[in-house]
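User: I'd like a close look at one part of this model, please. Take me through it step by step, and explain your cut-offs as you go.

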Amino acid sequence: MKQLILALALLVAPLGASARTPDEQCAVVASMVLFAAQGRDLGSHPEDVYNGLLADGIPAEMAMSIVATVFFTRPDVPPNDLAMSFFNYCTSEAL
């Protein structure tokens, strides 16, 4: 689990403009995690969520990490809890 979250955190950098703070970057990725987890809970297939993330401009490696975390590593965690968990971990690693 830590490895997937760390991979997500490391992939945040390419998403943000240089003006974004680490907290803002973490919030962007946490919102993607929330989107994926909500899709999971609504019955979306992992491939559909992956394609949705790609359509939103998310790099393929990051989209795969999000889908793996949401669907396979932590499938029983509610969307808000999963997003908040990622945000908290991400911001603590940014210090």
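Analyst: Let's begin with V28, which counts as partly exposed at 24% relative accessibility. On this scale, buried means under 20% relative accessible area and exposed means over 50%, with partly exposed in between (1.4 Å probe, protein chains only). This is a predicted model, in which local features need pLDDT of at least 70 and side-chain atom pairs count only at pLDDT 80 or more, while totals for chains, interfaces and linings use all residues. Residues are numbered from 1 along each chain as its sequence is written, and side-chain values use heavy atoms, leaving out hydrogens and water.

V28 sits in helix α2, so that helix is a good place to look closely. Helices here are DSSP runs of H or I with at least four residues, strands are runs of E with at least two, and both are numbered from the N terminus. The C-alpha of V28 is 9.1 Å from that of F87, although 59 residues separate the two along the chain.

α2 has 20 residues, and from its first C-alpha to its last it reaches 28 Å, close to the 28 Å expected at 1.5 Å a residue. That expected span is 1.5 Å times one less than the number of residues. Its buried residues are Q25, C26, V29, A30, M32, V33, A36, A37, G39 and R40. An α-helix has 3.6 residues a turn, so residues three or four places apart point the same way.

At the end of this stretch, R40 forms a salt bridge with D41, their closest N and O atoms being 2.8 Å apart. The rule asks for a side-chain nitrogen of Lys or Arg within 4 Å of a carboxyl oxygen of Asp or Glu, and it gives a count of 1. Of the two partners, R40 is buried at 11% relative accessibility, whereas D41 is partly exposed with 46%. Just after α2, G43 takes a positive phi of about 95 degrees.

Now for what α2 packs into. The largest nonpolar core has 21 residues, and M32, V33, L53, I66 and V70 touch the most other members. Such a core is a set of buried Ala, Val, Leu, Ile, Met, Phe, Trp, Tyr and Cys residues joined through side-chain atoms within 4.5 Å. Two or more residues come from each of α2 (22-41), α3 (46-55), α4 (60-73) and α5 (79-93), and α2 gives the most, with 7 residues. In soluble globular proteins, nonpolar side chains tend to be buried together.

L53 shows how this core is joined up: leaving aside neighbours within four places in sequence, L53 is in contact (heavy atoms within 4.5 Å) with M32, F35, I58, A63, I66 and V67. Several of those partners belong to the buried residues of α4, among them A63, I66 and V67.

F71 is also one of the buried residues of α4, with a relative accessible area of 12%, while F72 is exposed at 61%. Their ring centres lie 6.3 Å apart with planes at 45 degrees, so the pair is tilted. Rings of Phe, Tyr and Trp (its six-membered ring) pair when their centres lie within 6.5 Å; planes under 30 degrees apart are stacked, over 60 edge-to-face, and the rest tilted.

Stepping back, the chain has 5 helices and 0 strands, and 39% of its 95 residues are buried.
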